[in-house]
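The following exercises concern the structure shown below. Each consists of a task and a solution that proceeds step by step.

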Amino acid sequence: MLTSTSVRDPVAALGSREVGVLFPAFEKEFLVRHPLIAMKTRFGLNTDEDTKSSPQGQRAPSEDILVRLPSLRKSKWKVKVLQRWIGEVEQVKAERFVAMLVDATNSRNPPEQVELDLEEVSESDLPLLAEGATFYWSIGYRDTPGGQRQRISTIRFARHPRLKEADVQQIFSQADLLAAYLQK
Amino acid sequence: MGECVLVHVGEGDWIVVDSCIDSQSGQPVALNYLGSLGVDVASQVKLVVATHWHDDHIRGLAATLRAAASAKFVDSAAYGFQDLLRVVELGNTTAPGSSATREYADIVRILEERQGKGEKREAVGPVRALANRKLLSLTSTGRSVSAEVFSLSPADGVFSRAEAELREALSAIKRRRRPRRRGPNQLSVVLWLTVGVLNVLLGADLEHVPGTTEGWQAIVGSVERPVGRARFFKVPHHGSKNADCPACWTDLLVEQPFVILTPYSPSMLPKHEDITRLCGRTPRVFLTSDPGRYRLPRRDNAVEKTLRELSAKPRALVGQMGHVRLRSDARSADQEPVLLLRNGAQQQCA
């Protein structure tokens with residue numbers, strides 16, 4: 001017998017009597033509202049005798065049903081990238097920045113110069129925005145699990161691990177050897 | 001985006017000055033053009049010169065040098081070789097996408113291979129160019145036309161500037177930034193070519209700082225530079241005002257020389273007033289391409305809409321690879337050269 005608050009598998013929760021789902025697109029994934037039959041009972045509208053005599057019909061009319069939401073790993077978010085560039089910041093102005101773009105979607109396209117608002121850069125990336133910095137810019141669509149389509153533009157600055165001084169000195173040593181060899 | 005100058009110095013011998021990539025073929029323009037003429041690049045190219053290390057002058061240079069198996073490699077002596085290699089190796093390790101460091105790293109590998117095979121450094125390079133140094137002499141008695149190539153820059157006084165530039169480049173690379181162009185370009189290699197009775201002045205990107213012993217001022221004031229005046233002039237720094245040297249026109253060039261310049265669209269050079277100034281000095285001004293005609297590629301409607309909404313104002317930096325060719329008999333100082341303009345190259349003055 002079901003307790004007043006139960007966790008159910010969403011698919012199993014759906015039966016011919018439980019039609020209270022108000023978002024048909026989510027029907028197979030999760031149930032977020034009271035089942036309609038419970039609502040009818042609550043408001044005295046339920047006249048189905050089978051319902052009254054069945055185990056389901058004898059449960060409290062205000063019973064909530066909690067359902068298990070799908071895990072994020074099974075997320076139905078989809079992203080379709082239409083255009084991607086690799087950019088390099090050339091100049092930073094008060095409210096905009098100028099960058100040179102290389103087309104990463106089609107390498108045959110010529111490089112371009114573009115001006116963008118600083119507001120297009122996320123707060124966490126702003127400290128990385130400087131002349132000579134590299135960023136990746138994508139434009140495309142994002143489809144939500146609910147079936148909504150959103151057009152998105154994402155700018156993300158490259159993050160590199162700091163160079164260790166020991167690595168730098170090793171590279172310098174190699175360069176010095178090469179210079180000496182070529183100049184002998 | 002970029003420039004490359006090829007000079008036939010007689011008897012089928014060529015020199016290549018700087019390099020860029022043809023956007024259509026993806027190949028260095030020098031190899032494309034010389035290949036189209038049936039030139040045996042491996043034996044007929046005698047000199048490959050990197051006037052300076054800006055991206056628009058060196059893309060594809062390593063591939064060109066690799067093909068030019070008999071050529072000496074020349075670059076600016078202003079950069080200490082050891083310091084330069086440190087910048088190159090560090091840059092290539094940390095930011096392999098950078099054109100300048102990648103090209104120079106490839107060039108260094110080529111030189112290393114050639115020296116490793118026993119070729120002498122004098123024949124392979126790097127030959128470090130500085131003011132009034134002879135880089136090439138083709139004057140054997142069997143030649144119908146002799147040729148000499150001199151570097152007129154960099155001047156001694158700019159070596160400290162080069163050290164500062166390399167220090168700044170190292171600092172930028174350590175911070176994982178690409179080194180930025182700063183200040184007047186006084187380190188680039190200007191070339192003077194004498195082919196037969198004709199002189200050619202290739203101005204690279206050298207700028208003019210009046211009242212100093214740098215840049216064009218140093219060249220004009222030098223008593224050791226080759227004598228004569230040039231009939232053909234590759235205008236420095238894309239025709240910009242800060243590379244204009246009035247004394248050059250009176251001291252280094254013939255009256256109404258043939259003048260060629262290349263655009264640099266990120267800085268929108270040459271500007272209209274630059275063309276007007278050049279046309280005031282000679283009617284023979286030729287621009288390899290018109291940046292006003294560069295076209296952006298057509299993209300998905302959603303992308304175009306997003307760019308409009310962001311007021312991104314994209315601008316194409318490259319169009320078709322323009323070509324200006326001047327052919328002249330090196331035995332005659334007065335013969336009118338045969339002109340060829342291709343792929344959007346234009347004569348500027350009305």
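**Exercise 1. A loop residue and its surroundings**

Leaving aside its neighbours within four places in sequence, with which residues is Ala312(B) in contact? State also where Ala312(B) lies and classify its burial.

Solution.

Step 1. The model is a predicted one. Ala312(B) belongs to the loop that connects H12 and E13 of chain B.

Step 2. Once neighbours within four places in sequence are set aside, the contacts of Ala312(B) are Val114(A), Glu115(A), Leu116(A) and Leu307(B).

Step 3. A residue counts as buried when 20 or more other C-beta atoms lie within 10 Å of its own. Ala312(B) has 20 other C-beta atoms within 10 Å and is therefore buried.

Step 4. As a distance within the chain, the C-alpha atoms of Ala312(B) and Leu191(B) are separated by 40 Å, with their positions 121 residues apart along the chain.

**Exercise 2. The side of chain B that touches chain A**

Determine how many residues of each chain are in contact across the interface, which elements of chain B supply them, and how the residues on the side of chain B divide by character.

Solution.

Step 1. Contacts link 37 residues of chain B with 35 residues of chain A.

Step 2. At least two residues of this side of chain B come from each of helix H5 (81-94), helix H6 (99-116), helix H8 (159-174), helix H12 (301-309) and strand E13 (315-316).

Step 3. H5(B) contributes the most, namely eight residues.

Step 4. By character, the side of chain B that touches chain A holds 19 nonpolar, six polar and twelve charged residues.

Step 5. For the predictor's view of the complex, the ipTM is 0.76 and the pTM is 0.79.

**Exercise 3. A sheet with strands from both chains**

In which order do the strands of the six-stranded open sheet follow one another, and which strands form its edges? Describe the pairings and the helix that packs on the sheet.

Solution.

Step 1. The strand order is E7(A)-E6(A)-E3(A)-E4(A)-E5(A)-E13(B), with antiparallel pairing.

Step 2. The edges are strand E7 (149-157) of chain A and E13 of chain B, each of which pairs on one side only.

Step 3. Helix H12(B) packs on this sheet and touches strand E3 (78-92), E6 and E7 of chain A; its direction makes about 120° with that of E6(A).

Step 4. Between strand E6 (residues 134-143) of chain A and E7(A) there are nine bridges, and the two run antiparallel. Here Phe135(A) stands opposite Phe157(A) of E7(A).

Step 5. Across the chain boundary, strand E5 (residues 112-117) of chain A is joined to E13(B) by two bridges, again in the antiparallel sense. Glu112(A) has Ala316(B) as its bridge partner in E13(B).

**Exercise 4. The first elements of chain B**

Analyse the pairing of E1(B) with E2(B), the orientation of the side chains along E1(B), and the packing of the buried residues of H1(B).

Solution.

Step 1. E1(B) and E2(B) pair antiparallel over four bridges, and Val17(B) in E2(B) is the bridge partner of Val5(B).

Step 2. Five residues separate the two strands of this hairpin, and Gly10(B) in the turn has a positive phi of about 95°.

Step 3. The side chains of E1(B) alternate: Val5(B) and Val7(B) point to one face and are buried, whereas Leu6(B) and His8(B) point to the other and are not.

Step 4. In helix H1 (residues 29-37) of chain B, the residues Val29(B), Ala30(B), Leu31(B) and Leu34(B) are buried. The buried residues of H1(B) pack against strand E1 (5-8), strand E2 (14-17), helix H2 (41-44) and helix H4 (61-67) of chain B.

Step 5. After H1(B) comes Gly38(B), with a positive phi near 80°.

**Exercise 5. The two chains as wholes**

Characterise the secondary structure of chain B and chain A, and explain why chain B is as compact as a globular protein of its length.

Solution.

Step 1. Chain B comprises twelve helices and 16 strands. Its radius of gyration is 20 Å, close to the 20 Å that the globule rule gives for 350 residues, so chain B is as compact as a globular protein of that length.

Step 2. In chain B, 47% of the 350 residues count as buried; in chain A, buried residues make up 16% of 184.

Step 3. Among contacts with a separation of 6 or more, residues 24 or more positions apart account for 70% in chain B and for 47% in chain A.

Step 4. Chain A has four helices and seven strands, which run β-α-α-α-β-β-β-β-β-β-α from the N terminus on.

Step 5. The average pLDDT of chain B is 90, and 98% of the residues score at least 70.

Methods
Residues are numbered from 1 along each chain as its sequence is written. Chains are lettered from A and ligands numbered from 1 in the order in which they are written. The radius of gyration is taken over C-alpha atoms; the globule rule is 2.2 Å times the number of residues to the power 0.38. A residue is buried if 20 or more other C-beta atoms lie within 10 Å of its own, exposed if 12 or fewer, and partly exposed in between; C-beta atoms are placed from the backbone. Two residues are in contact if their C-beta atoms, placed from the backbone, lie within 7 Å. Ala, Val, Leu, Ile, Met, Phe, Trp, Tyr, Cys and Pro count as nonpolar, Asp, Glu, Lys and Arg as charged, and the others, Gly among them, as polar. Two strands pair if DSSP finds at least two bridges between them. pLDDT is the predictor's confidence in each residue, from 0 to 100. Axes are lines fitted to C-alpha atoms, for helices over the stretch in contact, and angles run from 0 to 180 degrees between N-to-C directions.
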